[in-house]
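Let's take a relaxed walk through a protein model. Have the picture open while you read, and look for each part as it comes up.

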Amino acid sequence: ISDAGYQVALHGWNSHQATGTSIRDALKETAFIGGGLSYHGLETLSPAALELLKLRDVFGLRSCINTVLRMWNPSHASASVQGVFHPSYRGLQSRAALLLGDQNLTVIKGGGGEFERNPAKASAVFGVHKGAHINHTAAALTTETRRLHEPEHPVNLPALWQGTQTDCFAEKTVIGTAALALWTLGTAADLAAADDLATLLWRTRHSPERISV
């Protein structure tokens, strides 16, 4: 997305993820940070919010702060994406976003609750587009039946990006997820066109002349 000419701001705290899926490690190993991409840890953005989040260790379960922080837009971005774990939260977070003044937001049930599209399944897409509620369906991108992050199919993110590892399912995951972000930004007329654009951006990711949308 940042290669396409957009400013991308990521934020979070990856306390309960395995080392192999740490976004911080992946960003360092791929040297992504810089240019149009930034990552802000919660411990820097809001130490007080992090202390509230750590109440999970006291309660033994998530509290409302987990959902609140997923919905947070600290950079005041004009378009944002959110993942949920519980399907019923998709509509709830969409309605809350509209009350908060967000005009362009996409919410999906993602892998582990993150904003990650499973290419093997049709995805229900909720959110807000130009200030109006949306409820669409993003088609499956592959006929391969596989769950996200199966231990039998380990993915090395830097290697996948560099092209030294080939994994069609993982590539479709990246493309499908990026397509939803591109669609949220208004770069494509519909979800199918966004899939095509994301595919082109992926295929030309190492081109000296980057495609700008």
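What follows covers a sheet, a hairpin, a pocket and a salt bridge.

One thing to keep in mind: this is a predicted model.

**The sheet**

Start with the strands. Four of them form an open sheet, lined up in the order β3-β4-β5-β6, and their pairing is mixed. Who stands at the edges? Those places go to β3 (80-84) and β6 (132-138); each has a single partner strand, so one side of each has no neighbour in the sheet. The sheet isn't flat like a board, either: on average, neighbouring strands are turned by 20 degrees against each other, ignoring direction.

A helix joins in too. Helix α6 (residues 89-99) packs on this sheet and touches β3, β4, β5 and β6. Compare directions, and α6 makes about 165 degrees with β4.

**The hairpin**

Now zoom in on β5 and β6. These two strands run antiparallel and are joined by 7 bridges. Together they make a hairpin, with 2 residues between them. In that turn you'll find K130, which has a positive phi of about 55 degrees.

Here are two pairs of residues that face each other across these strands:

| Residue | Opposite residue in β6 |
|---|---|
| G127 | I134 |
| H129 | A132 |

If you'd like to follow the side chains along a strand, here's a handy rule: in a regular strand they alternate between the two faces of the sheet.

**The pocket**

Next, find the second largest pocket, with a volume of about 270 Å³. It is lined by 15 residues, and those closest to its centre are K109, G110, G111, N118 and K121. Which strands help to build the lining? Both β4 (104-109) and β5 (123-129) do, each supplying at least two residues. Sort the lining by class and you get an even split: 5 nonpolar, 5 polar and 5 charged residues.

**The salt bridge**

How many salt bridges turn up in the whole structure? A search finds 3. In one of them, the side chains of R24 and E43 meet, at 2.9 Å from N to O. This pair ties together distant parts of the chain: R24 sits in helix α1 (residues 23-30) and E43 in helix α2 (residues 42-45), with the two 19 residues apart.

Notes. Residues are numbered from 1 along each chain as its sequence is written. This is a predicted model: local features need pLDDT of at least 70, side-chain atom pairs count only at pLDDT 80 or more; totals for chains, interfaces and linings use all residues. Side-chain values use heavy atoms; hydrogens and water are left out. On a 1 Å grid over the protein atoms alone, a cavity is a set of points where a 1.4 Å probe fits but cannot get out, and a pocket is an open set with protein on both sides within 12 Å along at least five of seven lines; lining residues have an atom within 4 Å of a point. Grid points are joined across faces, edges and corners, and a volume is the space filled by probe spheres set on the points. Helices (H or I, at least four residues) and strands (E, at least two) are DSSP runs, numbered from the N terminus. Ala, Val, Leu, Ile, Met, Phe, Trp, Tyr, Cys and Pro count as nonpolar, Asp, Glu, Lys and Arg as charged, and the others, Gly among them, as polar. Two strands pair if DSSP finds at least two bridges between them. Axes are lines fitted to C-alpha atoms, for helices over the stretch in contact, and angles run from 0 to 180 degrees between N-to-C directions. Contact means heavy atoms within 4.5 Å. A salt bridge is a side-chain nitrogen of Lys or Arg within 4 Å of a carboxyl oxygen of Asp or Glu.
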